[in-house]
Amino acid sequence: MTARVGGSPNRVGGIGRVTGAQEYVADIHLADELHAKLVTIPCARARITGIDAAEALRLPGVHSVVSAADLPSPMPRFGPQFRDRPVLAVDETKYHGDPVAVVVADTRDAAEAAAGLVRVAYEELPAVTTLAAALDPAAPLVQDPSIRPDDAFAHTNVVREHRVGWGDVNAVPADLVVDHVYTFPMVTHFAIEPHAYIAAPDGDGIAVWSTIQHPNWLQKVLAGVTGLPLAKVRVYAPDPGGGFGGKQHAKYEPLVALLALRTGRPVRLVLTLEETFQAVRRAASEVRVRTGFRSDGTICFQDITADYLIGAYVDIADRVVSKGSYLAAGPYRMPAARIVARPVLSHTVPSTAFRGFGNPQVNWAAESNLDEGARLLGIDRLDIRLRNLARKGESFIPWDTPADGDWQQTVRRTAELIGWDTPTAPGHGRGIAIGIKSGPTTGLSYSTVRLLADGSVVVYAGTSDMGQGARTVLAQIAGDELGAPLEWVTVVMGDTAVVPYDQQTSASRSTVLMGNAVLAACREIQGKLRAMAARVHGVDEAAIRVDRGVVHMPDREIAIRDVLGPGFGRLGGELVGNGEMRKEAEPDHPLGGSAAFFEFNCTATEAEVDEDTGDVTLVRYVTVSDVGKAINPLQVRMQDEGAAIQGLGHTLMEHYIFDDAGRIRNLGAIDYRIPTSMDLPLEMISEIVENADGPGPYGAKGMSEGALLCVSAAVAAAVRDATGIVIRDLPLTPERVWRALRERDRARDREAVAAEAVRHEAEAVKHEEPVS
Amino acid sequence: MSDLVSIDLTVNGRPRSLEVAAHHTLLDALRDDLGLTGTKECCLVGECGACTVSIDGRIVDSCLVLAVEADGCAVTTVEGLAAEGRLSRLQQAFLDYGAAQCGFCIPGQLMAAQDLLDRTPHPSVPEVQEGLAGNLCRCAGYEQISEAVLAAAEGTVR
C-alpha cells in the first residue's frame, strides 16, 4: 500500500485489531505473577482507624495485604504538578474509591475474595463534593496545607487563581450586557479498555507495563518513587485501548512497582470499569459569562469567571484549568477580556486531562452566552460570529500566536453544509457554535529512523497510538520521504529502553511534534543518501537532490533502494537519522508558552425535540475542522466524527451522581450511559479545511480534540431554536428537557392568563367609558 | 478455593477439554485458560459488548455465561473469524473502512456484526445500528463501523 502523505492507507496495526491479535496490557501475562486487588471503603472521606487483614491472609493463595504502614515512610507522593498523591491513602481517604490497602495473591480469585475480607475500621468524616460546599469558608480542607506550603491558597480548597486578560472590561461601553451562569457535569473517560498495570523486577531495575499515554513521564515518576535511575526503569506502553487524556499520568503504577520490588515477583493490577470510574474523570464546572455587545453585534468585552470542581489530588487538573480557561473568550476580536479561573479541590475522584482539556467547559458557557446576546439583539447567530471572528494573522489574544487559519472559511462552510440560510422544518431548530483550543505550548519529541539495506524503514517514536492513528501517520511520513511502501515501514513505540524520549502524547501534538521529528530524521538520512549517491556515481553531491523517496541525479532519477545496494557494498549497513522538534518555554507567557497552533472547529446541528418525552434527536450534524493538511484524511474523519459523538455524551446523557456521603451512585456501564450506535445524529457530515498553514509536516496542524469543543453549545442552541427553552446546565437529559418544556408551557399559560386579564380590564374600562 | 468442573467444548473448530472453576465465566476460560485474549474484558455486566462471542450460532456476552454452561457447545471467538490466515470479508471491510481506532471494542463489534449478517444478509443502516447497539465504542467510530458492515454485506470491500 502506498505510503503517500494525503492518502488513506489502511491503519498500521489494523490487522491485529481486527483479528484479536493486538496485545493490550491486560493480555500480557508473566510467569509467576501475583494478582493485586485494591481495598476501598464505601464513603468519600474517612479517618482510617485500623486495618485487620488476619482473615484475608488465612485465605489460601494470599501472599500479603499491604497498607500505608507497610510502605516507605514518609509515604512517597507523586503527581504531574504537585507531589500530592500518596501511593496508598495515609490515615484518611479523600474520595470514594481511594484505596486504603491492596491484596496480593497467587490468583485473581484469591485476591478478589481476600479484598472483601480485609476489615477496615474507619470513622466517616464530612466530605465536600460540590463547588458550593468546597468554597464554603467553613469547609473542611481537602488537602493538608503542608502539601503546598508556598501556595497563597494552601489554607483553602482553591488550588490557584488563574487570571488572564487585556483591556479594561469596565471601561468599554456596551449597549447590552448578557450575564449568565452555565454548568458542566462531572463525566468520565470510559475508555473501553480499563486501566491495567504490571510491574516486574528486571535485573537490578524494574519493568512496568501500563496503559499509559506518556511512557517517558511515567518513567520519571517511577524513578522518583523507587529511587532507581531512569535507565533502570523500563516502561512498556502497548497501544492503549482508548485514552482520551485519562491515561496520561501515573495512577497505580507506583503502587504496583513497589509491590513488585517488595515481593520480588511480577504483580498485575487490572482495574474494573467501576474502579476506572474512580480513577479518572473530567472536571465539572460552573462558568459565569458577562458579554458586552454593541447594538450592531460587535463584542465589546467578555468577563468570565470559571470554577472547576477538581478532585482530591490535583493530578494535571490545575493545568487543565489554566490552559482550558485561557481561551475562554474564543477566537473573537475582543477589545477587553477578563478571565478568572479556579481549580477547586473536593472529596471526589481526581479529575485529569480529558479530550478538550478544560476548553469544552468554558466553550459551552461562552458560545451559549454569545447566542443569547444575538437573540436579544435580533442578530443572526451565524452573522454575529462572522462579524467578530478574528481574521487570519490577527492577534486575538494580544501577546499570543495570531489566528493561524482562514477561520471564516471553516464557519461559512459549516453554515453552507447545514443549510443555515434555508427554512427549518416545523418543529426543528438549528444551532451553530465555534470551538477553539490551543495546541501544545511547549514540547519535545525525538525520533530515530533507520533506513535498512533493502530500503525498508524502522521508525522509533515515543508517541502512543491509542486509536488516533499516530503509527499510521508517522509511517506515511517516513515511507513517503524514504520511498518505502507502507508495508515496508515498522514503527516502534512504547518501550522506554529502546525508543528515544518523547515528552507526551497530548494536546493533539503528535502529528506536528513527532511528525516533524520523524521528518527531520528522514531528511538527515536523505542527506546521507546524497553523499552515498555522489560517491557511487562519481557526481558532485551538490548536483544531487533527494526528495519524497527519489534520488534526483543530474541526468536521471534513481529509486532510493537502488542507491543503497552499491552504496553499502558487501558489509551491508544502514542509514540512521535523528530528528527532534522542540517548542521552548516562554517564561513570561501566562501559560509558559504560546500556542504551537490552534485547533479550530465549527459545528452546526439541526434538532428535533419530542415534546412529550424531552428526547432530543439530531436530524443533521455538521462538523468542520481546519487541520492545515490531512496526512491521512480517513483518520482525520474518524477523529472528528468520534470526537463529535463523544461530545454528545456530556451534552445529552453523561454525568456522575453522588449521594450525601460522596459515594458515586452510578458506577459502571449500566447506570452511566455513553453514546451507542442508537444515539447518533441521523445524518453526520464532517469536512476539513486544508490550507497547508500549520507548523507540522506539509502544513499539518494538530487535530482530534477540536470537533468535541463546541458540541454542547451547538446542540443546546438547536434545542432552544426548536422549542424556545433555555437550558444552562448539562447534560440535556430527556428529563431536564421535559421539565424545561413544561416550565415553558406554564409560563405561556401564565402569560395567556395575564393577557386575558389585561384584555378583560381593557374591555371593562371601555364599557365604563361614558357615552358622550 | 473452588471446585473444578471438567468441560468439553469446541473453540474455533478445535475440541478443547478444560478444568474450570464453577463460578468462572466463559470469558475467564477463554482469556485465562485458553489464552484467547482477543475477546476483551470491560464492564463485566453485559452492557459494553467487548466480550461478545458466539455459542452454537448465537452471540452472547461471554462475561454473563458461566464456563460450565458452554460445556458441549461450539464457541467462536474473534480469533476464529479469519480462515487459514485470510481475513474474512467483514474483517477486511473493518480494515478498509477504518472501523478500528483503538481497537479494543472491535472483536466484540465483529462478532455482533457477523451475527447480524448471518441473520440479515443485507441490512439497512438502522438495522446495523440496532444490531450493534449492544457494543460500545468510546472512540465512537460508529459511522465507520456501520459503513464497514454495509460494505461487507454488499460485497463492496476493496
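**Domains, sheets and the A–B contact in a predicted two-chain model**

Strand E18 (residues 428-438) of chain A is mostly covered, with 10 of its 11 residues buried. The model that contains this strand is a predicted one. E18(A) is joined by 11 bridges to strand E26 (residues 598-609) of chain A, and the two strands run antiparallel. Within this pairing, A:Ser438 stands opposite A:Phe598 in E26(A).

The domain assignment helps to place these strands. Chain A is divided into domain 1 (32-125), domain 2 (284-440 + 590-723) and domain 3 (443-579). Between the centres of domain 1 of chain A and domain 2 of chain A, taken over C-alpha atoms, there are 40 Å. Their contact draws on 16 residues of domain 1 of chain A and 15 residues of domain 2 of chain A. On the domain 1 side of this contact in chain A, six residues are nonpolar, four are polar and six are charged.

Helix H12 (residues 470-482) of chain A offers a neat check on geometry. Its 13 residues should span 18 Å at 1.5 Å a residue, and because its end C-alpha atoms are 18 Å apart, the expected and modelled values agree. All of H12(A) is covered in the sense that 13 of its 13 residues are buried. Just after the helix comes A:Gly483, which has a positive phi, near 70°.

Chain A also holds an open sheet of seven strands in the order E3-E7-E1-E14-E11-E12-E13, with mixed pairing. Strand E3 (62-67) and strand E13 (233-236) of chain A each have a single partner strand, so one side of each is left without a neighbour in the sheet. From one strand of this sheet to its neighbour, the average turn is 20°, direction ignored. Inside the sheet, strand E11 (residues 196-202) of chain A and strand E14 (residues 267-270) of chain A run antiparallel and are joined by four bridges. Here A:Ile198 is the residue that stands opposite A:Arg268 in E14(A). In general, strands of a sheet pair through backbone hydrogen bonds, either parallel or antiparallel.

Two helices lie across strands of this sheet. Helix H5 (residues 215-226) of chain A crosses strand E12 (205-210) and E13 of chain A, and runs at about 145° to E13(A). Helix H6 (residues 253-263) of chain A lies across strand E1 (34-39), E3, strand E7 (101-105), E11, E12 and E14 of chain A, at about 35° to E11(A).

A further point of interest is A:Glu112, which is placed in helix H3 (residues 108-115) of chain A. With 14 other C-beta atoms within 10 Å, A:Glu112 is partly exposed. A:Glu112 and A:His35 are 77 residues apart along the chain, yet their C-alpha atoms are separated by 9.0 Å.

Turning to chain B, the domain assignment gives domain 1 (4-80) and domain 2 (89-154). The C-alpha centres of these two domains of chain B are 21 Å apart. Domain 1 of chain B contributes 12 residues to the contact between them, and domain 2 of chain B contributes 11 residues. E3(B) supplies the largest share of the domain 1 side, three residues. By class, that side of domain 1 of chain B has six nonpolar, five polar and one charged residues.

The sheet of chain B is open, with five strands in the order E2-E1-E5-E3-E4 and mixed pairing. Strand E2 (14-21) and strand E4 (58-61) of chain B form its edges, each pairing on one side only. The twist averages 40° from one strand to the next. Strand E1 (residues 4-11) of chain B pairs with E2(B) in the antiparallel sense over eight bridges, and B:Ile7 stands opposite B:Leu18 in E2(B). Helix H3 (residues 106-119) of chain B lies across strand E3 (52-55) and E4 of chain B, at about 40° to E3(B).

Finally, the two chains meet through 44 residues of chain B and 47 residues of chain A. On the chain B side, the elements that give two or more residues are helix H2 (89-96), H3, helix H4 (125-131) and helix H5 (142-154) of chain B. This side of chain B that touches chain A has 26 nonpolar, 11 polar and seven charged residues.

Technical notes:
Residues numbered from 1 in each chain as written. Chains lettered and ligands numbered in written order. Predicted model: local features only at pLDDT ≥ 70, side-chain atom pairs only at ≥ 80, totals over all residues. Domains from an automatic or database assignment. Contact = placed C-beta atoms within 7 Å. Nonpolar A, V, L, I, M, F, W, Y, C, P; charged D, E, K, R; others polar. Expected span 1.5 Å × (residues − 1). Buried ≥ 20, exposed ≤ 12 C-beta atoms within 10 Å, placed from the backbone. Pairing = 2+ DSSP bridges. Axes fitted to C-alpha atoms, helices over the stretch in contact; angles between N-to-C directions.
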